[in-house]
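Work through the following exercises with the sequence and the coordinates open. Each task is followed by a solution in steps.

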Amino acid sequence: MHYVTIDGLMSGTGIRDSFAGGYISPSDLKLSELLQRRISNWLSRYEQAHFRQYDSVDELSELDAEGLAIARVVRDELPGSKVEYFSSGRMAKLDL
């Protein structure tokens, strides 16, 4: 069973071990190629927003909506796992 947190923190993989705190490669979890690309694209957009200091509330809301959707798909692809979402822009855990 995996306990993971989806987050857009800089220099991360988008998937963090909820207990150990280290990042996990999406390929190590054997997530689908489509989901791996989706995570990578989302992380790139989150990084760009970070460098603009999250100056757009609408953009941050869209990024978090995508992050929550990704978290749900990760949960579906890892049955029996506990998956959470952490908004890097808001510095808060959001409910799935």
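**Exercise 1.** List the residues in contact with W42 in this predicted model, leaving aside neighbours within four places in sequence.

Solution. Step 1: search around W42 for heavy atoms within 4.5 Å. Step 2: drop the neighbours within four places in sequence; the residues in contact with W42 are then I6, D7, G8, L63, E66, G67, I70 and Y85. Step 3: place W42 in the wider packing. The largest nonpolar core has 21 residues, and W42 is among those with the most contacts inside it, together with I6, I15, L31, I39 and V74. Step 4: assign the core to elements. At least two of its residues come from each of β1 (3-7), α1 (33-51), α2 (57-77) and β3 (82-87). As background, nonpolar side chains in soluble globular proteins tend to be buried together.

**Exercise 2.** Determine how α1 and α2 are oriented to each other: roughly parallel or roughly antiparallel?

Solution. Step 1: take the two quantities that describe a pair of packed helices, the angle between their axes and the distance between the axes. Step 2: for α1 and α2 the angle is about 155° and the axes are 10 Å apart. Step 3: angles over 145 degrees count as roughly antiparallel. Step 4: α1 and α2 are therefore roughly antiparallel to each other. Step 5: add the handedness; α1 and α2 cross in a left-handed sense.

**Exercise 3.** Name the residues through which α1 and α2 meet, and sort them by character.

Solution. Step 1: on the α1 side, the list is L35, R38, I39, W42, R45, Y46 and A49. Step 2: on the α2 side, the list is E59, L60, L63, D64, E66, G67, A69, I70, V73, V74 and E77. Step 3: sorting the residues of this contact gives 11 nonpolar, 1 polar and 6 charged.

**Exercise 4.** Which residues do E66 and V73 touch, once residues up to four places away in sequence are not counted?

Solution. Step 1: E66 lies in helix α2 and touches R38, W42 and R45. Step 2: V73 also has its place in helix α2, and touches L35 and R38. Step 3: classify V73 by accessibility. Its relative accessibility is 25%, so V73 counts as partly exposed.

**Exercise 5.** Compare sequence separation with C-alpha distance for the pairs R72 and L96, E66 and L43, and V73 and G22.

Solution. Step 1: R72 and L96 are 24 residues apart along the chain, with 7.0 Å between their C-alpha atoms. Step 2: E66 and L43 are 23 residues apart in sequence, and their C-alpha atoms are 10 Å apart. Step 3: V73 and G22 are 51 residues apart along the chain, with a C-alpha separation of 21 Å. Step 4: locate R72, which is in helix α2; at 33% relative accessibility, R72 counts as partly exposed.

**Exercise 6.** What are the phi values of Q53 and Y54, and is each residue exposed or partly exposed?

Solution. Step 1: Q53 sits in the loop between α1 and α2, and Y54 is found in that loop as well. Step 2: phi is near 60° for Q53, a positive value in a residue other than glycine. Step 3: phi is near 50° for Y54, again positive in a residue other than glycine. Step 4: Q53 counts as exposed because its relative accessibility is 69%. Step 5: Y54, at 22%, counts as partly exposed.

Definitions and conventions
Residues are numbered from 1 along each chain as its sequence is written. This is a predicted model: local features need pLDDT of at least 70, side-chain atom pairs count only at pLDDT 80 or more; totals for chains, interfaces and linings use all residues. Side-chain values use heavy atoms; hydrogens and water are left out. A nonpolar core is a set of buried Ala, Val, Leu, Ile, Met, Phe, Trp, Tyr and Cys residues joined through side-chain atoms within 4.5 Å. Buried means under 20% relative accessible area, exposed over 50%, partly exposed in between (1.4 Å probe, protein chains only). Helices (H or I, at least four residues) and strands (E, at least two) are DSSP runs, numbered from the N terminus. Axes are lines fitted to C-alpha atoms, for helices over the stretch in contact, and angles run from 0 to 180 degrees between N-to-C directions. Angles under 35 degrees count as roughly parallel, over 145 as roughly antiparallel, 65 to 115 as roughly perpendicular and the rest as oblique. A crossing is left-handed if the near helix is turned anticlockwise from the far one by less than a right angle, and right-handed if clockwise. Ala, Val, Leu, Ile, Met, Phe, Trp, Tyr, Cys and Pro count as nonpolar, Asp, Glu, Lys and Arg as charged, and the others, Gly among them, as polar.
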